[in-house]
Amino acid sequence: MHFSIPETEVRSGENGSTYVAYNIHVNGVLHCRVRYSQLLGLHEQIKREYGSSVVPTFPPKKIFTLTPSELEQRREQLEKYMQAVRQDPLLGASELFNSFLRKAQQETQQIPTEEAELDIYLSNGQKVRISILTSDQTEDVLEAVATKLDLPDELVGYFSLFLIREGADGGCSFVRKLQEFELPYVSVTSLRNPEFHIVLRKSYWDSAYDSDVMDNRVGLNLLYAQTVSDIERGWILVNKEQHRQLKSLQEKGSKKEFIRLAQTLKYFGYIKFDPSITDFPEKGCHVIVSAGNNELNFHVRLPNEHVKEGSFKVTRMRCWRVTSSQVPVANGTAAPSCGGKCEVKLELAFEYLMSKDRLQWVTITSPQAIMMSICLQSMVDELMVKKSGGSIKKMLKKRHNGSLHRSDSQHAVKSPPILDSPDTNREQMVKLSTKLTSVTLRGISTSNSSNDISGNNFHGNYAFEGIGDDDL
């Protein structure tokens, strides 16, 4: 998650007085407005709880009214402070910090605490309506969905809530995984756009854990619905013979066998992102990125219109960072703080071990750069827990309580990613029968092959880093 304070605004307080509000954005979207005194109060609480030695520097009070330049300086200092707190493994995961942000979000959106109904979508488009409080946090909402579905407590940690945006063409764009510092009801309703939904999906990468979930009837249905949906969206590729086998299994109601077969298919378990821009193998290439199987997969359209495919393993990324910049919109001008005429550009860059002693930075310019970074970090977390012999169940249940970091060491050396022409013998699955019990399914429809990189409107440019140990 990237925190920024790109702007301030003067607002009216009680008795006609005015004050300066600092607009805290998360991933380029307004999360809350707070006063300096509120942040100072948070800072003092953190100091009392954790001690002065671990708390970042906080901009001092001023006796007199701030000049415009002093106000800009304070904005920058508060932004750095929020970023430092969030990136600290202890402070950023603390209930003190998260509860402050939740309360500020609710106050900013002026949504009172009251009973409400919230629709949570399953991967196949089916809605699950739950009764919650508007002030319920992400974990509360996840548990409410699990209870409504009759998903056992021991399997709740295998799933997460994601904010997605569904286009008019049925396409699905992942915005982010919902975090513990936000209130899901407030997050989705404040967007005031029916295209945004909260979706329940599995939150792990290693398909070996599918067996744990499939032992339960509800878990099996959820994985089955997600698998069919991913095929329908073109995220999983199948050829004619595989299509025939899957259709046969579906008609028989053999859900486990259906999933087992799907696990052998290309891109099973991957998340596919919207078209973006990359500088690999050369600048300005259009690319479709998918995350899964401990890698980022690239489908790149070169300037000569040739399409190539390659992968970057997370175990060979020395580090990665996400950077943001405020840039003026077309025909617009902007001050340093971009007062209203700007859009956020996001860029993910990772340093990759191409060969022994040769590291190279690869960049992806995309509005989904933060989501890509979250995918990378969760892959590393999962690998490190597995390597240490820890419990994946405990990690999945407590993942939001902190992130794991790798060192800068380099060890394993493998061949560099080679961009190959994609397999033209594969095709999308056309349609599967939906006559199955327990899960409502849409048919799998014809869509463009994922080898077809199309679209000319690409966006992209945040300061967050994920650093990790390559000896996994």
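This is a chat between a trainee and a mentor about a structure.

Trainee: What kind of model is this, and how are residues numbered?
Mentor: It is a predicted model, where local features need pLDDT of at least 70, side-chain atom pairs count only at pLDDT 80 or more, and totals for chains, interfaces and linings use all residues. Residues are numbered from 1 along each chain as its sequence is written, and side-chain values use heavy atoms, with hydrogens and water left out.

Trainee: Let's start inside. Which residues touch the most other members of the largest nonpolar core?
Mentor: Those are F3, M82, L296, F298, F312, L348 and F350, in a core of 66 residues. A nonpolar core here is a set of buried Ala, Val, Leu, Ile, Met, Phe, Trp, Tyr and Cys residues joined through side-chain atoms within 4.5 Å. Buried means under 20% relative accessible area, exposed is over 50%, and partly exposed is in between, using a 1.4 Å probe and protein chains only.

Trainee: Which helix gives the most to this core?
Mentor: Helix 11, residues 369-388, with 10 residues. Helices (H or I, at least four residues) and strands (E, at least two) are DSSP runs, numbered from the N terminus.

Trainee: And what is F298 in contact with?
Mentor: Leaving aside neighbours within four places in sequence, F298 meets T278, V287, I288, V289, K308, E309, G310, F312, F350, V362 and I364. Contact means heavy atoms within 4.5 Å. Apart from the core around F298 lies another core, of 49 residues, with L122, V145, V213 and F268 among them.

Trainee: Switching to empty space: what is the volume of the second largest cavity?
Mentor: About 50 Å³. On a 1 Å grid over the protein atoms alone, a cavity is a set of points where a 1.4 Å probe fits but cannot get out, and lining residues have an atom within 4 Å of a point. Grid points are joined across faces, edges and corners, and the volume is the space filled by probe spheres set on the points.

Trainee: Which residues line the second largest cavity?
Mentor: K202, L223, Q226, T227, D230, I236, F268 and G269 do. Helix 8 (residues 217-232) gives the most to that lining, with 4 residues. By class, the lining has 3 nonpolar, 3 polar and 2 charged residues. For those classes, Ala, Val, Leu, Ile, Met, Phe, Trp, Tyr, Cys and Pro count as nonpolar, Asp, Glu, Lys and Arg as charged, and the others, Gly among them, as polar.

Trainee: How many disulfides are there?
Mentor: A search of the whole structure finds 0, with a disulfide taken as a pair of cysteine sulfur atoms within 2.5 Å.

Trainee: Are C32 and C319 buried or exposed?
Mentor: C32 is buried, at 0% relative accessibility. C319 is buried too, at 6%.

Trainee: Now the backbone. Where is P281, and what joins F280 and P281?
Mentor: P281 sits in the loop between strand 10 (276-278) and strand 11. A cis peptide bond joins F280 and P281, with omega about 5 degrees.

Trainee: What phi does N293 have?
Mentor: A positive one, about 50 degrees, although N293 is not a glycine. N293 is found in the loop between strand 11 (285-292) and strand 12 (295-301), and is partly exposed at 45% relative accessible area.

Trainee: What does N293 touch?
Mentor: Y270 and K313, not counting residues up to four places away in sequence. The C-alpha atoms of N293 and D206 are separated by 7.0 Å, although the two are 87 residues apart along the chain.

Trainee: And what about D357, buried or exposed?
Mentor: D357 is exposed, with a relative accessible area of 74%. D357 has a positive phi of about 70 degrees without being a glycine, and its place is in the loop between strand 15 (342-355) and strand 16 (358-365).

Trainee: One last loop: where is G92?
Mentor: G92 is in the loop between helix 2 (68-87) and helix 3 (95-109). At 3% relative accessibility, G92 counts as buried. Beyond neighbours within four places in sequence, G92 is in contact with V85, R86, F97 and N98.

Conventions. 1 Å grid on protein atoms, 1.4 Å probe; cavity = no way out; pocket = protein on both sides within 12 Å on 5 of 7 lines; lining within 4 Å.
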